[in-house]
Amino acid sequence: PAREEWQVIQGYNDETDMYTTFRHRRFGTAIEMFEGSQGSYNFKVNDDSLVRRCVAITEFALETRDWLFNLPLLEELRRAADTDEYCCGRFSSFEAGSWTVSPIHEGVMVTHHARADKNNVTLFLIPD
């Protein structure tokens, strides 16, 4: 199930901004979310790909960048990829700022609740 394939970790960058990062253990797909986000998030298709930013603040757009806001979180997930230490299956629903993370069936649903309904975002993390 996705809850076993996906890892999750939370932490501050420079002790000011809280981030939640997900990583797929087999594929290296990563998603980075800022707790104060208006619906935008960063992602990598795999460990070797460029960082893409999904901007969901009024319109959906993709930007390419070469950095994450909290790279140490992703590095920690890579280090622990062969363990269950950060496995999503260990957690029930939890809040991450304006994001809610919930287990559903064999997957994980990540929902953003924006002040403006047009900025709401829902991601489904599936096993493969």
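The largest nonpolar core in this predicted model has 18 residues, and Phe22, Ile31, Met33, Tyr41, Trp99, Val110 and Leu125 are the members that touch the most others. At least two residues of this core come from each of strand 1, strand 3, strand 4 (41–44), strand 7 (94–96), strand 8 (99–104), strand 9 (107–112) and strand 10 (121–125). The top contributor is strand 10, which gives three residues. Another core lies apart from this one; it has six residues, including Tyr19, Leu77, Ala80 and Tyr86.

Met33 shows how parts of the chain meet at the larger core. Beyond its neighbours within four places in sequence, Met33 is in contact with Met18, Tyr19, Thr20 and Phe22, and also with Tyr41, Trp99 and Val110. Tyr19, one of these contacts, is a member of the six-residue core.

**Overall composition**

The protein chain contains two helices and ten strands. Their sequence order is α-β-β-β-β-β-β-α-β-β-β-β. Of the 128 residues, 48% are buried. The accessible surface amounts to about 7000 Å², and carbon and sulfur atoms hold 50% of that area. Among contacts with a separation of 6 or more, 41% link residues 24 or more positions apart.

**Strands 1 to 3**

Strand 2 (residues 17–24) has strand 1 (residues 6–13) as an antiparallel partner, and strand 3 (residues 30–34) also runs antiparallel to strand 2. Both pairs are hairpins, and each turn holds a residue with a positive phi: Asp14 between strand 1 and strand 2, Gly28 between strand 2 and strand 3. The table sets the two pairs side by side.

| Pair | Bridges | Residues between the strands | Positive phi in the turn | Opposed residues |
|---|---|---|---|---|
| Strand 1 and strand 2 | eight | three | Asp14, about 55° | Trp6 and His24 |
| Strand 2 and strand 3 | five | five | Gly28, about 80° | Thr20 and Met33 |

Strand 2 is mostly covered, with seven of its eight residues buried. Thr20 is found in this strand.

**Thr20**

How buried is Thr20? Its relative accessible area is 2%, and the cut-off for buried is under 20%, so Thr20 counts as buried. Its side chain makes a polar contact of 3.0 Å with the side chain of Gln10. Leaving out residues up to four places away in sequence, Thr20 touches Val8, Ile9 and Gln10, as well as Ile31, Glu32, Met33 and Ala96. Met33 is also the residue that stands opposite Thr20 in strand 3.

**The sheet of strands 7 to 10**

Four strands form an open sheet in the order 7-8-9-10, paired antiparallel. Strand 7 and strand 10 each have a single partner strand, so each stands at an edge with one side lacking a neighbour in the sheet. With direction ignored, neighbouring strands of this sheet are turned against each other by 20° on average. Within the sheet, strand 9 and strand 10 are joined in the antiparallel sense by five bridges, and Thr111 stands opposite Thr122 in strand 10. In a regular strand, side chains alternate between the two faces of the sheet.

Terms used
Residues are numbered from 1 along each chain as its sequence is written. This is a predicted model: local features need pLDDT of at least 70, side-chain atom pairs count only at pLDDT 80 or more; totals for chains, interfaces and linings use all residues. Side-chain values use heavy atoms; hydrogens and water are left out. Buried means under 20% relative accessible area, exposed over 50%, partly exposed in between (1.4 Å probe, protein chains only). Two strands pair if DSSP finds at least two bridges between them. A nonpolar core is a set of buried Ala, Val, Leu, Ile, Met, Phe, Trp, Tyr and Cys residues joined through side-chain atoms within 4.5 Å. Contact means heavy atoms within 4.5 Å. Axes are lines fitted to C-alpha atoms, for helices over the stretch in contact, and angles run from 0 to 180 degrees between N-to-C directions. Accessible areas come from the Shrake-Rupley method with a 1.4 Å probe; for residues, only the protein chains shown count as cover. A polar contact is a pair of N or O atoms within 3.5 Å; within protein, one must be able to donate a hydrogen and the other to accept it, and residues adjacent in sequence count only if both atoms are side-chain atoms.
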